[in-house]
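Trainee: Could you take one part of this model and go through it closely with me, and then place it in the chain as a whole?

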Amino acid sequence: RQSRTYRARVGGGARQWECPVVVRWLKGKGRCLFATRALGRGEAVYEERPFVAVQDTVNKLVTDCCGWCHRFVGSVAHQLALLAHPTEHVRGTLGPAHAPPTLSVPPVGESLPRAVPCEHGCHERYCSERCRQAALRWGHGRLCRARAGNDAQALFALEAFAIQHHEPVRLAAVLLAAAVERAGDGDEVIRPLRLLHKRPWWEVHPLEHAVCGEHGEGEDGDGGADPFGLVAAAAEDDEGLIRAGYQRLVEAAAMHLRRALRPPTAGEPLFTPVAVGLLLGALEMNGVDLVVPSPVPAYVRRVCSEGMPGDRALLRQTLGQIRAQLDGEDDSDDDDDGDGDPAFASAGPEGKDPDPYLPDEAAYVKLELDDLAHDLSDVVMKEVGWDFEFPHVSGTALYLVTSCANHSCDPNVFFYKREGVDTTNRIVLFAKRDILPGEELCISYIDESHDRATRQSLLDFPYCFTCTCTRCYTD
């Protein structure tokens, strides 16, 4: 019966025999994901909408996206402005929303949806009315600080606690808010979570995170606040004390969740420290990274390959302004002699842009634009501390079907986001090689390029198992 349910979820309503994957129970392994037909290398196996997903708070500084499907909203100019003025946008996270200054960019193929604000007036924005209503039904109604009847002060304290101590508490808050909002139908939210492999959070959270101050206590090493005793326990290298500190952190999280969401009497069992600890443990063991690619790199390439010479000049000027804003260097006049960035430099006689580009020149321009994206990412890294190109939407999500896929250090499927195609928080699974019907589909929970000892160590926490795949036997 459960397999049929998962078939319907994966296939988007398709009939059972049309779905390429199925979930089956195997003794000793639990729920596993299998192929129902032959799959070719590189084939898209399936895509799945998340059961729950939240964007990282810090990521909100430089990206603006739908609070439900996490599609980028607004305009490319708006997204670029967030890079130059991240501190303007942070107020939209924990206070009144203030838009950053507007930048001028060429209107070449912009296709981002217009932002639809929360109907109650909080900082959340959506890509459509449909997404706004879906978010209200799935937790935001209880989490909206502007909604009449909600305790704005308690909700603010909950979000501040999550930011300071453990960001996934926000993911748990959405699930519990959805359960409370549904009242008598709250089991619709909680029942699927009972199918997940889970252990209490204090048993699965990596111990070294207490040492590095991940939870906001005593990072300066100067006797700063250590409300849960994690830094002191880490200093003594006492695993028991560290676990006890994590338990105190969970107790505090449960208190904040209970105060903010005010569950009815029937829902109070979901807010006990034990229940919250199991929920956070399930999210730790089954959650995956939420990724939605930025539309900016594709837009830059489109302007340089399809736009008029004036469009390229305007874009060059705007990107120069952003670079000057971020690294304090005014380079808006750089490369006027045509020997700098080839994508924007004079390429034709007397400094004129070639129009149209020849195929080989277009390919050359694309490569140079990719280099430009890397150059700009260096600037962004220095200012904001990130390690990727134009910032994409990042966060944490839980996918029910994907969570049934077991680990292998030599996986046969992998996750991949196609630029310009996968623009929401749906996850897409691709075949890494040819797969036979009935073959188990395995992903890698970690970076499989590590040596065997490192891989086993990474799997110990939070996944709590020793890998026995073929590669681990042969390495």
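Mentor: A definition comes first: the expected span of a helix is 1.5 Å times one less than its number of residues. With that in hand, and bearing in mind that this is a predicted model, consider helix α6, which runs over residues 152-165. Helix α6 has 14 residues and reaches 20 Å from its first C-alpha to its last, close to the 20 Å expected. Its buried residues are Ala-154, Leu-155, Leu-158, Glu-159, Phe-161, Ala-162 and His-165, and because they cover an arc of only 155° around the axis, they lie on the same side of α6. The general background is that an α-helix has 3.6 residues a turn, so residues three or four places apart point the same way.

Two other helices can be read together, α5 (residues 129-143) and α7 (residues 169-182), which pack with their axes 7 Å apart at an angle of about 100°, and which are therefore roughly perpendicular to each other. On the α5 side the contact is made by Leu-136, Arg-137, Trp-138, Gly-139, Gly-141, Arg-142 and Leu-143, while α7 contributes Ala-173, Val-174, Leu-175, Ala-177, Ala-178, Val-180, Glu-181 and Arg-182. Sorted by class, this contact of α5 with α7 has nine nonpolar, two polar and four charged residues.

As for the whole, the secondary structure of the protein chain comes to 18 helices and twelve strands, and buried residues make up 49% of its 475 residues. Among contacts in the chain between residues at least 6 apart in sequence, 67% join residues at least 24 apart.

Technical notes: Residues numbered from 1 in each chain as written. Predicted model: local features only at pLDDT ≥ 70, side-chain atom pairs only at ≥ 80, totals over all residues. Heavy atoms only, no water. Axes fitted to C-alpha atoms, helices over the stretch in contact; angles between N-to-C directions. Helix = DSSP H or I, 4+ residues; strand = E, 2+ residues; numbered from the N terminus. Parallel < 35°, antiparallel > 145°, perpendicular 65-115°, else oblique. Contact = heavy atoms within 4.5 Å. Nonpolar A, V, L, I, M, F, W, Y, C, P; charged D, E, K, R; others polar. Buried < 20%, exposed > 50% of the residue type's maximum accessible area, 1.4 Å probe, protein only. Arc of directions from axis to C-beta.
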